[in-house]
Amino acid sequence: MLGLLSGMFFMTWTLYLQRGLGMSPLQAALAFVVIALGEMAGAVIAMKTAGRFGRRVPQAGALIALASMVAYGLQVSSRQADLTIPAMTVPLLLLGIGFGTIGAPIADMSLAKVPHESAGSASGLFNTSTQLGIAFGAALTALVFFSATGGSPDGTVNRDAFTGVLWWVGGAFAVMWGLMFFLPKHTNSQAD
């Protein structure tokens with residue numbers, strides 16, 4: 001599901017940055033660096049804490065991502081055309097932390113009970129399903145986003161369409177948080 005959310009968010013976010021805010025591709029790439037730094041920090045946090053806190057780590061990540069998605073949505077809605085990378089740094093860093101604290105432990109928890117001789121196949125299946133989720137999320141969101149914008153390069157139309165996407169992705173993070181109750185309470189090193 002994280003792949004699906006990534007596909008939904010990142011594809012439309014790129015369009016929003018360039019069409020909605022008028023950023024150059026280089027400026028948009030700098031915004032991606034901000035979120036990537038947050039993801040790396042989230043992955044480090046998850047690696048250090050997942051063994052002790054189990055599913056609570058990705059659940060916390062989902063809540064952080066949800067809260068930052070709401071904050072970013074409100075910021076996009078209120079700032080309109082003058083939103084800058086420095087102004088969006090905090091919600092983007094937090095969103096990256098959310099993504100990072102979900103992605104790292106979910107793979108471990110999903111594959112923890114797989115027998116050693118099947119680990120390669122299971123890992124491949126996990127990665128393939130993630131990539132399919134990204135592709136499906138990007139395709140589905142592109143369909144909805146371009147239906148809403150009509151392909152218009154108008155900044156206001158693109159900002160409004162992106163804001164709509166943010167609410168859908170935020171809702172999906174809430175669903176993901178609830179589904180994480182089905183994960184084991186602890187990792188393989190502790191009792192289920």
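**Note on the nonpolar core, ring cluster and largest pocket**

1. F162 counts as buried because its relative accessibility is 0%. Here buried means under 20% relative accessible area, exposed means over 50%, and partly exposed lies in between, with a 1.4 Å probe and protein chains only. The model is a predicted one, in which local features need pLDDT of at least 70 and side-chain atom pairs count only at pLDDT 80 or more, while totals for chains, interfaces and linings use all residues. Residues are numbered from 1 along each chain as its sequence is written, and side-chain values use heavy atoms, with hydrogens and water left out.

2. F162 belongs to the largest nonpolar core, a set of 40 residues. A nonpolar core is a set of buried Ala, Val, Leu, Ile, Met, Phe, Trp, Tyr and Cys residues joined through side-chain atoms within 4.5 Å. The members that touch the most other members are F9, W13, Y16, L17, Y72, F162 and F173. At least two residues of this core come from each of α1, α2 (25-53), α3 (56-79), α4 and α6. The greatest contribution to this core is that of α1, with nine residues. Helices (H or I, at least four residues) and strands (E, at least two) are DSSP runs, numbered from the N terminus.

3. The aromatic rings deserve separate comment. Rings of Phe, Tyr and Trp (its six-membered ring) pair if their centres lie within 6.5 Å; planes under 30 degrees apart count as stacked, over 60 as edge-to-face and the rest as tilted. The count of aromatic pairs by this rule is twelve. One of them joins F9 and F10, whose ring centres are 5.1 Å apart and whose planes stand at 75°, so this pair is edge-to-face. Both partners are buried: F9 has 0% relative accessibility, and F10 has a relative accessible area of 17%.

4. A second edge-to-face pair is formed by Y72 and F162, because their planes are at 75°, with ring centres 6.2 Å apart. Y72 lies in helix α3 and F162 in helix α6, so the pair ties together parts that are 90 residues apart in sequence. Y72 counts as buried at 1% relative accessibility. Ring pairs link F9, F10, W13, Y16, F32, Y72, F99, F162 and F173 into a cluster.

5. The surroundings of Y72 may be listed in full. Contact means heavy atoms within 4.5 Å. Residues up to four places away in sequence not being counted, Y72 touches W13, Y16, L17, L83, M88, P91, L92, F162 and L166.

6. L92, one of these contacts of Y72, is found in helix α4 and is buried, with a relative accessible area of 0%. Beyond the four nearest places in sequence, L92 touches W13, A31, V34, I35 and Y72. The C-alpha atoms of L92 and S78 are 16 Å apart in space, with their positions 14 residues apart in sequence.

7. L166 is another contact of Y72. This residue lies in helix α6 and is buried, at a relative accessible area of 0%. Apart from neighbours within four places in sequence, L166 is in contact with F9, M69, Y72, G73 and V76. L166 and L66 are 100 residues apart along the chain, and 9.6 Å separates their C-alpha atoms.

8. Two further residues of α4 may be noted. P105 lies in helix α4 and is buried, with a relative accessible area of 3%. The contacts of P105, not counting residues up to four places away in sequence, are A46, A50, V57, P58 and G100. P105 and A43 are 62 residues apart in sequence and 8.2 Å apart in space, C-alpha to C-alpha. T89 is also found in helix α4, but T89 counts as partly exposed, at 23% relative accessibility. From C-alpha to C-alpha, T89 and Y72 are 9.8 Å apart in space and 17 residues apart in sequence.

9. The last matter is the largest pocket, which holds about 520 Å³ of space. On a 1 Å grid over the protein atoms alone, a pocket is an open set of points where a 1.4 Å probe fits, with protein on both sides within 12 Å along at least five of seven lines; lining residues have an atom within 4 Å of a point. Grid points are joined across faces, edges and corners, and the volume is the space filled by probe spheres set on the points.

10. The lining of the largest pocket has 23 residues, of which M1, L2, G3, I106 and F126 lie nearest its centre. Two or more lining residues come from each of α1 (2-20), α4 (85-111), α5 (119-149) and α6 (155-179). The element giving the most is α4, with seven residues. By class, the lining has 13 nonpolar, nine polar and one charged residues. Ala, Val, Leu, Ile, Met, Phe, Trp, Tyr, Cys and Pro count as nonpolar, Asp, Glu, Lys and Arg as charged, and the others, Gly among them, as polar.
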